[in-house]
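Welcome, and thanks for taking a look at this one with us. Please open the structure below and keep it beside you as you read.

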Protein chains: 2
Amino acid sequence: MTAPAPRMRWWGWGEDGHDAPLSAGAQTLLAQQIGPLPQRRRDPVALEDVRLPAAALPATARERLVAAVGAEHVRDDHLTRVTHAAGRGYHDLVRLRAGTLDAAPDAVVYPADAEQVAAVLRACAEDGVAVVPWGGGTSVVGGVAPLRGTHAAVVALELARMDRLVAVDPVSLTATVQPGIVGPALEEALAAHALTLGHFPQSFEFATVGGWVATRSAGQASTGYGRIDGLVLGLRVATPSGEVVVRPVPASAAGPSLRELLVGSEGTLGVIVEVTLRVRARPTVRRYEAFSLPAFGVGADAFRALVQDGDAPDVMRLSDPQETRVSLTLAGDGLATRALTTYLRARGHADGCLAIFGWAGSSEAALRRRRAAAARTLRAHGAVALGTPVGQAWEHGRFHAPYLRDELLAHGVLVETLETATTWDRLLELHDAVAAALEHALRERGTPPLVWCHVSHVYRAGASLYFTFVARQQEGTELEQWHAAKAAASDAIVAHGGTITHHHAVGRDHAPWLPGEVGPLGVELLRAAKATLDPAGIMNPGKLVDPAGPGARAG
Amino acid sequence: MTAPAPRMRWWGWGEDGHDAPLSAGAQTLLAQQIGPLPQRRRDPVALEDVRLPAAALPATARERLVAAVGAEHVRDDHLTRVTHAAGRGYHDLVRLRAGTLDAAPDAVVYPADAEQVAAVLRACAEDGVAVVPWGGGTSVVGGVAPLRGTHAAVVALELARMDRLVAVDPVSLTATVQPGIVGPALEEALAAHALTLGHFPQSFEFATVGGWVATRSAGQASTGYGRIDGLVLGLRVATPSGEVVVRPVPASAAGPSLRELLVGSEGTLGVIVEVTLRVRARPTVRRYEAFSLPAFGVGADAFRALVQDGDAPDVMRLSDPQETRVSLTLAGDGLATRALTTYLRARGHADGCLAIFGWAGSSEAALRRRRAAAARTLRAHGAVALGTPVGQAWEHGRFHAPYLRDELLAHGVLVETLETATTWDRLLELHDAVAAALEHALRERGTPPLVWCHVSHVYRAGASLYFTFVARQQEGTELEQWHAAKAAASDAIVAHGGTITHHHAVGRDHAPWLPGEVGPLGVELLRAAKATLDPAGIMNPGKLVDPAGPGARAG
């Protein structure tokens, strides 16, 4: 078996054939809100024009890696290095499209099993080669940036060959999987047993289970099915110091939870080589439906009531007024959209908030009961039912947004998302503070943004906020512009009681704000764990808590 | 304010006035099953006859502690030392009743707030004094044993003065509390806000929130309300290296969970000085009800179906046939019990298993719906409804078992409990293996036991097993006898895929089996955390993972 082909096109999200041109309405909206866009499309350079530093893997290290995984599974051709040189954050896409990558892995290794992963880590620890564990490469926070830290070289450890469903226990409802399996393959394999994991992040089609677990991923149905951290029962992690095994028991009081120390470790402690997940009976009926809430605060109250009363749908998403306007505009220029807008205005929802709900279950009757209970709460909060077509339209396009991002980039638009979570009592304050920080930071640079937001993960104690913002790109200083906005938003998040990340993880981009969240002793605890499992500091340098400190050399 | 009085009688569980003599039926059952008991009661010695090592707190250390908390809050009188010299495990009770304590804290300090806790820890770290954090002192696994490790002295850090409800957020449904508040006081304070935590371990009346969090406690309603680890949103922990603060956010992807490293740390990393908990609307209606299941395996299947289908009652408890027989015998010798037994035999439940269910909610209608859904599943598994009186009788006596233990000890009976959890596919295998190990170990010593068990915490992936065993005490070698049984059961648990503890914690008693559960690297991770927060190793030596190793001197 040769090394698998890259899953995504090298310069952007996903596969070709999914892009759609910006509608006239969207172009008008953008021009009105953020100013005129460049006439000329900014398309990516050709693959052969992407400049990379020369591969610099020492010969001895290369020999050991070949001994560990076989010559055909140590690759350093141009395409392989380019496709493992960046994740899929805005800053990644800007650099990929421009062909100006200042770092790339010196090689990409493709182990076949846990033993080969262990052999690779041993070789790299002895030879001082940094290792970036690689799942789907979909990180939007610099989590897979090929940083070498203080080491001579860096390799990407590709898990694409470790992509099997290992075992299913239909009695305990668990599934044991290898880390490199992607969402659709996992769901297909589980479907053969009438099971589902129910984890559908926007990256579902390309991200891997190992990546989800390493980053504490949350999916669109996580209000119903739970976050990935709640779905992990046991796991095995290969580290430079050996393998750590967390037994798959349903609950334990045997001291601090090592599972929770490994989940979310973002490749900085080791490589997840196997995960035992809680799965569920596969639903046979589903329903998606849209409502309009009269205002964001009222909508948040309704969402809170739903989850605190035990009537939460599996999917819950509440757009703020700005996101609602953008969604209706992007939905098209047709009569239907205009009729809907007129109808909502007549119902007093001129600043209405679009809410999407999804239910999944094993019987129509059960779904009807749950839907009726939720609808009662929604009506009590002044909601107007918009029916199932709008809900189905959302469901149909729910993995599409990253393609739209590529299209916006071609139009010279800065487009970025960021997310946080806090308790209900601070949710609106946090929403307004982050939006204001983004507004201010980008307006100050002469590129006023359009900022919108939704609530998409709901807990009894609070909820997430997911922001999207667009602005005209500052050509030549795209990354400085982005960083100014990102820093302003992150500062606002920390100042207003949010977590620096609810489901995107820390990676490189959020690392400067982690000490503010966990405190100096929290940082020391994370460093102590790293020193134990990765004494040479080879695992994913520069991410999460970088033991080499801010002076570490970028790869 | 002077130091609070001890909550429990010094030699046993709880307060006087709750003991009841063993019924004639129980005495007959015991004589039949485990052999004749001694004629003479074995009552505890008088308090003044309890022998303790002399208090040996160095004068400089004492001065610093007095400076930290005030002279009246550093105590070393006989009663205070005796009441902080042992928890409430079987081995504790044996030594307390005999008055043969080989260790006691050299002093007990009563800080008033987090600042005083920090000052106490600083003083002890500098002077090399070990610290045992003390909540309710209800540990049954040696978790509060006054071990000094390699240090010159040991103090108990009593949290009884830090017992306030600090704040309630009725919007986010959170409550922030000090660690020393006990169950009834917490529920009473929350009731004023129409809220409940819903955490009812058997130690509810005397244990503290800090103790629950430090030991990953589970309560009788945890199937419905969740374990304490699931109820902790944020916390503050004072450590010798400073304070660690975990922000109360509903969910986060900001790296490994430090919350889960501190929850369950059993006082070995620091002292929990504040906890923010998820609370719920206080239920206004409750229902307890009993059923009989035809056999343990069928009962487990029914319990699994209930939780996997989403119809689990809040309280779920399934006795094995032996526990069912014991329960019916203890319930009394009356006609009602005999009639019930006859009825069950007629229904084919001669080896039936008693099941107790509890529901709590805000409306009779909602409770009826949940009860009906559960009853359908139970009937499909051949269950026979026994009505609410049996359920209410369980609810009425649910905190009483530890008093019965004191009474059995007076009759010369070894009585101990232990617990574990595993996935559903291994539950019966584990049940049988642990019961057989206990049988074998005690029979071999000439004291054949009676062993019974129940399932009391139910998860989608598995369940807990809670064993009780009784045997004739071997006078003079009570602790060796106990240890032989405990070791045999623990070996069986590890060999058959269970966790060494589902909710009693590790303490001193389970520490030898922890490496088997978490592996050598897991142990290293726990030691690294301890070295970071407690470099002098003063926090609760000899528990969980003892960095001083097995050679450490017992206090």
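The briefing below goes from the whole assembly down to single residue pairs.

This is a predicted model. Chains A and B meet in a contact that takes 66 residues from each of them. Chain A can be laid on chain B with an RMSD of 0.0 Å, and the two copies are thus related as by a two-fold rotation axis.

**How the two chains meet**

- The superposition of chain A on chain B needs a turn of 180° and a shift of 0.0 Å along the axis.
- On chain A, the elements that give two or more residues to the side touching chain B are β9 (242-246), α10 (259-262), β16 (413-423), β18 (462-472) and α19 (514-533).
- Helix α19(A) provides the largest share of that side, with 14 residues.
- By residue class, the side of chain A that touches chain B holds 32 nonpolar, 23 polar and 11 charged residues.
- The copies meet through the same surface, because 100% of the interface residues of chain A are also interface residues in chain B.

**Two domains in chain A**

- Chain A is divided into domain 1, covering 165-281, and domain 2, covering 285-396.
- The C-alpha centres of these two domains of chain A lie 31 Å apart.
- Six residues from domain 1 of chain A and seven residues from domain 2 of chain A make up the contact between them.
- Helix α8 (residues 222-225) of chain A gives three residues to the domain 1 side of this contact, the largest share.
- That domain 1 side divides into three nonpolar and three polar residues, with no charged ones.

**A four-stranded sheet in chain B**

- In chain B, four strands in the order β1-β2-β4-β3 form an open sheet with mixed pairing.
- Strands β1 (74-75) and β3 (129-134) of chain B each have a single partner strand, so they stand at the edges and one side of each is left without a neighbour in the sheet.
- Strand β1(B) pairs with β2 (residues 107-109) of chain B in the antiparallel sense, over two bridges.
- Within this pairing, B:Arg75 stands opposite B:Val108 of β2(B).
- Helix α5 (residues 114-127) of chain B lies across β2, β3 and β4 (153-158) of chain B, and α5(B) runs at about 150° to β3(B).

**Strand β13 of chain A and its neighbours**

- Five of the five residues of β13(A) are buried, so this strand is largely enclosed by the rest of the structure.
- A:Val315, A:Arg317 and A:Ser319 point one way from β13(A), while A:Met316 and A:Leu318 point the other way, and all are buried.
- Strand β13(A) runs antiparallel to β14(A), joined to it by four bridges; here A:Arg317 has A:Ile356 as its bridge partner in β14(A).
- Strand β13(A) also runs antiparallel to β17(A), with two bridges between them; in this pairing the bridge partner of A:Ser319 is A:His454 of β17(A).
- Which residues of helix α12 (residues 321-330) of chain A are buried? They are A:Gln322, A:Glu323, A:Thr324 and A:Val326.
- The buried residues of α12(A) pack against β13 (315-319), β14 (353-361) and β17 (450-455) of chain A.

Methods
Residues are numbered from 1 along each chain as its sequence is written. Chains are lettered from A and ligands numbered from 1 in the order in which they are written. This is a predicted model: local features need pLDDT of at least 70, side-chain atom pairs count only at pLDDT 80 or more; totals for chains, interfaces and linings use all residues. Two residues are in contact if their C-beta atoms, placed from the backbone, lie within 7 Å. Ala, Val, Leu, Ile, Met, Phe, Trp, Tyr, Cys and Pro count as nonpolar, Asp, Glu, Lys and Arg as charged, and the others, Gly among them, as polar. Copies are superposed by least squares on the C-alpha atoms of residues with pLDDT of at least 70 in both. Domain bounds come from an automatic or database domain assignment. Two strands pair if DSSP finds at least two bridges between them. Axes are lines fitted to C-alpha atoms, for helices over the stretch in contact, and angles run from 0 to 180 degrees between N-to-C directions. A residue is buried if 20 or more other C-beta atoms lie within 10 Å of its own, exposed if 12 or fewer, and partly exposed in between; C-beta atoms are placed from the backbone.
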